[in-house]
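Got a few minutes to go through this one together? Have a look at the fold first, and then we'll trade some questions.

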Amino acid sequence: MVISIRSLGLTGISGYEVSVECFLSGGLPAFDVVGLPDAAVRESRERVRAAVKNCGAKFPVSRITVNLAPAAQKKEGTVYDLPIFLGILAASETLDPPPADAAFLGELSLTGALRPVRGVLPMALAAVRAGIKTLYVPKENAAEATLADGLTVYGAENVMQLVAHLRGEEPLTPAEAWQPGEETERLPDLRDVMGQENCRRALEIAAAGGHNLLLIGSPGAGKSMLARRLPSILPDMTRQEALEASEIYSAAGLTDSRHPLLTHRPFRSPHHTVSAVALSGGGASPHPGEISLAHNGVLFLDELPEFQRDALEALRQPLEDGEVTITRTAGTLRLPSRFMLVCAMNPCKCGWYGHPSGRCTCSEAAVEKYVSRISGPLLDRIDLHVRVPSVEYEAMRRKTEPEDSATVRARVIAARDIQRRRFAGTDTACNAYMTPSQLAACCTLDEKGEKLMKNAFEKMGLTARSHDRILRVARTIADLDGAEKIEAFHLAEAIQYRNTDILKG
């Protein structure tokens with residue numbers, strides 16, 4: 001008799017249904033798992049054997065064959081321990097076969113306790129798409145599974161509880177849908193930043209339109225301080241955005257029972273020694289990298305020229321497409337990667353080029369070599385290039401409190417609301433992602449603006465891409481002003497943020 005137990009698997013950040021088929025036959029005792037299992041799946045045989053014996057059941061003395069279908073898809077992890085356990089009990093007639101609309105997943109300890117697994121959220125969403133009505137998971141994963149609407153989720157601490165429930169002896173209580181509690185974590189506030197009014201303005205524009213930003217200045221000027229306060233002025237994620245980001249975090253094993261859903265936009269700040277694979281994702285078993293973990297949030301690259309060249313160049317395609325494509329011998333994987341790129345760098349190796357103190361020891365050739373580590377195509381994809389001057393003493397000692405994040409955030413949200421109404425019914429979330437047709441419709445210029453844009457294009461040597469990015473930034477500045485059309489002074493402010501000469505001091 002073949003018993004089929006419904007379960008789920010994970011490939012990249014997407015879940016899919018897996019049928020765990022168990023067959024007991026005559027012959028010498030053996031326990032085989034087929035269907036392209038990895039080492040962790042094959043080792044489930046010993047965990048299941050011990051769990052069956054330690055929960056008081058008799059392990060069948062026969063030839064056991066477990067097939068994980070679809071057999072052509074590689075299976076990874078410990079998620080199949082529980083369905084294999086239940087399949088063996090049902091095949092040996094120790095337990096009735098579970099309902100056809102129920103699915104099971106979880107790792108077993110040798111004592112029969114259920115341990116949490118990663119990727120439960122994308123697997124739960126896949127269960128809904130597959131028509132599964134009831135999902136049984138380890139108790140620590142129950143809150144995460146309830147985020148998938150349309151599922152009845154049961155969290156069990158051990159297999160004894162689950163078996164008693166399936167037999168109708170001691171029914172489990174369905175897990176309640178998880179709701180975020182009161183936020184205790186406070187994001188860094190802009191009120192901590194003294195001076196730097198031009199940089200605060202650039203940060204506000206970047207937040208309002210979802211634009212990429214490059215901060216250039218000497219050590220201690222406040223580049224990292226400014227960047228780390230960007231999340232405090234960004235609008236909250238929608239439910240869909242939060243689920244998308246949480247799916248990636250779940251697949252990477254970065255969620256827990258207390259925080260199954262991301263409530264703040266992600267802020268990722270990898271060290272400059274990060275490899276191209278760690279940044280873009282991949283590996284022998286493709287997994288999300290930093291740019292996917294920053295999806296719907298911010299990717300902050302501090303000390304930009306110190307990053308490996310191949311790692312930086314890996315950013316170019318995701319910045320344009322909003323997704324990263326990973327191709328390996330095992331297959332091709334597409335991961336979402338729509339993020340705001342914020343970079344910070346010194347103007348030279350010693351960091352003091354152009355500083356009023358004149359302490360820079362770098363030659364002009366050394367400065368050129370340092371700056372040339374950042375390619376032109378990557379710079380062209382960054383909307384705002386901002387010089388961060390050293391903070392003056394008077395700004396540090398002034399008694400008036402700077403504008404806080406809540407005040408700036410209110411203006412950002414108002415500008416985003418304008419964009420939301422403008423792009424209603426489309427996939428465009430903000431100005432930074434406008435399509436060419438939307439750009440033509442929403443970024444028309446008057447005669448004065450056309451003349452200004454033409455002069456800038458010719459004198460600054462702009463590319464078609466930088467031309468479009470200037471228009472997007474100008475549209476955002478106009479939205480912050482509540483203006484229906486882009487005026488010449490909106491465009492002039494946008495153009496000044498494309499001055500790459502600041503890279504040379």
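**Talking through the model**

Reader: Let's start with glutamate 93: is it buried or exposed?
Author: This is a predicted model, so keep that in mind throughout. Glutamate 93 sits in the loop between H3 and strand E5 (102-104), and it has a positive phi of about 65° although it is not a glycine. Buried would need under 20% relative accessible area and exposed over 50%. With a relative accessible area of 68%, glutamate 93 is exposed.

Reader: And asparagine 296, buried or exposed?
Author: Asparagine 296 also has a positive phi of about 65° without being a glycine. Its place is the loop between helix H11 (290-293) and E14. The relative accessible area is 11%, so asparagine 296 is buried.

Reader: Which strands stand at the edges of the five-stranded sheet?
Author: The sheet is open, with parallel pairing, and its order is E11-E14-E17-E10-E18. An edge strand has a single partner, so one side of it is left without a neighbour in the sheet. That description fits E11 (267-268) and E18 (384-388).

Reader: Which residue of E17 is the bridge partner of leucine 214?
Author: Strand E10 (residues 213-217) and strand E17 (residues 340-345) pair in the parallel sense over four bridges. Leucine 215 stands opposite alanine 344 in E17. For leucine 214, the partner is cysteine 343.

Reader: What stands opposite valine 298 in E17?
Author: Here we turn to strand E14 (residues 298-302), which pairs with E17 in the parallel sense over five bridges. Opposite valine 298 in E17 is methionine 340.

Reader: How many residues of E17 are buried?
Author: In a regular strand the side chains alternate between the two faces of the sheet. In E17, Met340, Val342 and Ala344 point one way, while Leu341, Cys343 and Met345 point the other way, and all are buried. The strand is mostly covered, and the count of buried residues is six of six.

Reader: Which residues of helix H4 are buried, and what covers them?
Author: H4 (residues 120-129) is mostly covered, with eight of its 10 residues buried. They are Val120, Leu121, Pro122, Met123, Ala124, Leu125, Ala126 and Ala127. The cover includes strand E1 (2-11), strand E2 (14-25), strand E8 (134-138), helix H5 (142-145) and helix H9 (239-251).

Reader: How far apart are the end C-alpha atoms of helix H20?
Author: H20 (residues 464-481) has 18 residues, and at 1.5 Å a residue it should span 26 Å. Of those 18 residues, 13 are buried, so the helix is largely enclosed by the rest of the structure. Just after H20, glycine 482 takes a positive phi of about 75°. As for the end C-alpha atoms, their distance agrees with the expected span: 26 Å.

Reader: At what angle do H19 and H21 pack?
Author: Helix H19 (residues 447-460) and helix H21 (residues 488-496) have their axes 9 Å apart, at an angle of about 15°. That makes H19 roughly parallel to H21, and the crossing is right-handed. Lys448, Gly449, Leu452, Met453, Ala456 and Met460 in H19 meet Ala488, Leu491, Ala492 and Ile495 in H21. So the packing angle you asked for is about 15°.

Reader: Last one: where is the proline of the cis peptide bond from alanine 69 to proline 70?
Author: Most residues other than glycine have a negative phi, and most peptide bonds are trans. The bond from alanine 69 to proline 70 is cis, with omega near 10°. Proline 70 is found in the loop between strand E4 (63-69) and helix H3 (81-91).

Technical notes. Residues are numbered from 1 along each chain as its sequence is written. This is a predicted model: local features need pLDDT of at least 70, side-chain atom pairs count only at pLDDT 80 or more; totals for chains, interfaces and linings use all residues. Side-chain values use heavy atoms; hydrogens and water are left out. Two strands pair if DSSP finds at least two bridges between them. Helices (H or I, at least four residues) and strands (E, at least two) are DSSP runs, numbered from the N terminus. The expected span of a helix is 1.5 Å times one less than its number of residues. Buried means under 20% relative accessible area, exposed over 50%, partly exposed in between (1.4 Å probe, protein chains only). Contact means heavy atoms within 4.5 Å. Axes are lines fitted to C-alpha atoms, for helices over the stretch in contact, and angles run from 0 to 180 degrees between N-to-C directions. Angles under 35 degrees count as roughly parallel, over 145 as roughly antiparallel, 65 to 115 as roughly perpendicular and the rest as oblique. A crossing is left-handed if the near helix is turned anticlockwise from the far one by less than a right angle, and right-handed if clockwise.
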